[in-house]
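Biologist: Hi! Could you walk me through this model, starting with how the two chains meet?

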Amino acid sequence: MQMSPGLVGMFVLVAVLIWVVASFNKLVVQRTRVQNAWAEIDVQLKRRHDLIPNLVEAVRGYMEHERVTLESVTQARAQALAAGKNVRQRSDAEAALTAALGKFFAVAENYPQLRAVESVQLLQEQLTSTENRIAYARQFYNDEVMDYNAARSTFPRNLFAGLLGFSPSAMFTAADADRANVQVKA
Amino acid sequence: MSTFAPSSTAEQQTLAQDRQSFFDAQRRNRRASWRLSALCVLAAAVMGIPLALLITPLLYALALIIADIVNLFSPLPLAFWQQAEEVARFGFVALAWLLQHKAADPRALALGAAVLLLPGTVLSLAVWFGMRALFRRAGVGGALLALNAREPNQNELKELRLADVVQEMAIAAGLPAPRVMLVDAPGANVAAIGSSPADACLVVSRPMIDELSRDELEGALAHSIASIGNGDLHIAFQVIAVFETCGVLLALVNSPFGPQSRGSLWRIVRYGFIGSRTGQDNTKEADAVAAILSRSVALDTDDIDRFFDPTAKKSMLRSIRNFLFFPIFLTNFAIKLSLWFFFLVILGPSVALLWRTRQYLADACAVQLTRNPNGLAGALQKLTDDGGAIPGSGWASHLFLINPASAGRAASNAPIPQQKEMLLKAWAASAQHSTAAGRLSGPTDFESNLREAAATYRAAFAGDAQAVARIGAMRQAMSALDPALAASIPDPADLAAARKGDIAAIARLQAFRRHIASQPPGASQQQTRNDADPSSGISSISFFGFHPSLKRRLKRLRRMGARLNVAAADSKMWIVATVLSLILAPFVLLIAGLMLLLIAVLTMSSLTFLTVWLAFIHKIFAFVAHH
């Protein structure tokens, strides 16, 4: 059977079109996953904000002499809450809160009777877990961004990904304050 | 908490050349599991041919007998019988070609093959789709929830930490957090059960959170959650559906002979109708049915052996009955033998290899989630040292992180005869507390009493006050006879309380477990033994296990950067193993060939017998109809 060149051209065109639609959809799915991963970080940050007042309340009686440390944690939390939508300000405020919490846990190590209290232990575990969750949420976000960026910038998708509005996402990088390894003991 | 591990410090080992990132490891294992799934599908198809060849004649026999009976009351048109003869002829053409190498028209041959294979294939596929549809919602491993599973208590530090780690790992994997259930079992282990990531559940044994550090717990749970995310539950479900299909086919063939297979068929039907009621009981029942069906695949005595019991009293009626059912007996035996053989030699090993690859894949994914290969490696080492024994996990053993049956502890816990006697006495003494008077006259052998005790124990877990009283009475009677033995039976009241989250009861159980662990072997008794034989799981039908060896897993983890001291493989052992396998290989091949020949002979003779038998019965009907 002899196929006319026009027919062959049409088949090729249809195949290319199908491929473009498929990769467009794939990119959309991946971009949504990246946005979802970003939102998950916010969820965990919110959880940390909610836990801190409980912790401060629970330890206040035992740490009369460490008023300054407690104050700094409360203040950092308030600033993080007030930072609003600005990403730059917010990440700075959250980094400051992480640092303040780290300092608080380091100081709490000096209070054996504090570590023996069960409710404080439970709270501390929850905070440790929240710190971990934030880190894992960021890690997951970065993994998703890596997949998405790789998908949108490899040939031949890079030819049209920009045209269709798939801009590259930014990885989450630790602020300088975060790089100084914060020790959180379980 | 672990962030990106600095890799420079991990490199004292001389493994630099074959170091591998976890992304590479994942890719490699994904490719391998694709290849192996193709192999599994092929194996199932190969297994299906003898099965179809054996089941088809039975279907024809059934159809012919029904037609004969109908013919007796309202004579069927002649055209019907002519058609039937035409169909039969095609089958004979194909058989003649196969056995006597008689030349045949390809079209007739194809039709003949269709006549011989199609009905059996269609029936098998229909049963398979039915089983999948029926059990899809229940998923796999529901029976594990019957092991006195409870939710972790958020007010206890370790259990809170468990719940937290699960949440963390689910966030790292971007999955909905699975439900967590704690089981008070002697060994440390974890299993993922369910049907999909949305309704998955992790079954964690309590020693797991007592013995592992936070990093190790993260590694172990990351493995299970990665396994859920990779869709392993789906794969396990497909494998079990094949088992269930074979079990149902066997039960159908057996159903004229005895109550056991009729019972399991009835259970499936009941499950199908009542199954719409959601809840835990539903998944438990599904798993129980799956266990029953798969047990019938293994070669063991069942209805049909009892039916043709050669030791039974001889009588005229019995001989006639045996003669009537003999062809079906032969077919049944051929089906069982071929199923057993193909499961053991082809399908079982393929599935086991596939499952091992999935475990390696989950290991690599776990390293991606935690970025800490040391955690998982440490957990694997500790769990293997511990044994990870979970009594009653036999059927679902492949779902666990390490093989729960590999422990030597279960074997060493078998009671010595003297203890058996004492246990029996105590159990009988406690019987007066039970209101059921019939129990006193129950059987006196140890096994059936143990089953009874186990059932009572489970009832006590569930909170049945009467059962709790009975176990309490037994412990009292025991302590009069042998205080050490009595101390080895956990207090059911504590178990029930722990289930509700009583911290004091949990602590008592922990102390109890430590006490048992410190006992010399043979001094304690495994009271909570499941009535399902531990060797009846799907891992029993394969040459080799479903769990990769610790050494291989650790080797791969080390390649991904874990710092471990794994003893280098003994090269001499390797040579011995190679030579041994080279010597044994011809024998194994010979045995396999003989088995195949036996199956072929059995298939053919069952066909012949069935044909003769059918002709005989058909003649009788024709004779009766004539008069």
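Modeller: Happy to; we'll talk about the contact between the chains, then a helix, then two single residues.
Modeller: This is a predicted model, where local features need pLDDT of at least 70, side-chain atom pairs count only at pLDDT 80 or more, and totals for chains, interfaces and linings use all residues. Residues are numbered from 1 along each chain as its sequence is written, while chains are lettered from A and ligands numbered from 1 in the order in which they are written.

Biologist: Cool. How many residues of chain B are in contact with chain A?
Modeller: Chain B puts 13 residues in contact with 17 residues of chain A; contact means that the C-beta atoms, placed from the backbone, lie within 7 Å.

Biologist: And which part of chain B gives the largest share?
Modeller: Helix α4 of chain B, residues 157–173, gives 8 residues, the largest share of that side. Helices here are DSSP runs of H or I with at least four residues, numbered from the N terminus.

Biologist: What does α4(B) meet in α5(A)?
Modeller: Among the residues on the α5(A) side are L122(A), R133(A) and F140(A), and those on the α4(B) side include L160(B), D164(B) and I171(B).

Biologist: How do the axes of the two helices cross?
Modeller: The axis of α5 of chain A (residues 118–153) comes within 8 Å of that of α4(B), and they cross at roughly 10°. That makes α5(A) roughly parallel to α4(B), a label for angles under 35 degrees. The axes are lines fitted to C-alpha atoms over the stretch in contact, with angles from 0 to 180 degrees between N-to-C directions.

Biologist: Why is α4(B) called largely enclosed?
Modeller: Because 13 of its 17 residues are buried, which means 20 or more other C-beta atoms within 10 Å of a residue's own, these atoms being placed from the backbone.

Biologist: What comes just after α4(B)?
Modeller: There, G174(B) takes a positive phi of about 65°.

Biologist: New topic: is A220(B) buried or exposed?
Modeller: A220(B) is buried, with 29 other C-beta atoms within 10 Å. This residue lies in helix α6 of chain B, residues 214–229. Leaving aside neighbours within four places in sequence, A220(B) is in contact with V190(B), L212(B), L376(B), A379(B) and L401(B).

Biologist: And F323(B), buried or exposed?
Modeller: F323(B) is exposed, as 11 other C-beta atoms lie within 10 Å and the cut-off is 12 or fewer. Its place is in helix α11 of chain B, residues 316–370.

Methods: Contact = placed C-beta atoms within 7 Å. Parallel < 35°, antiparallel > 145°, perpendicular 65-115°, else oblique.
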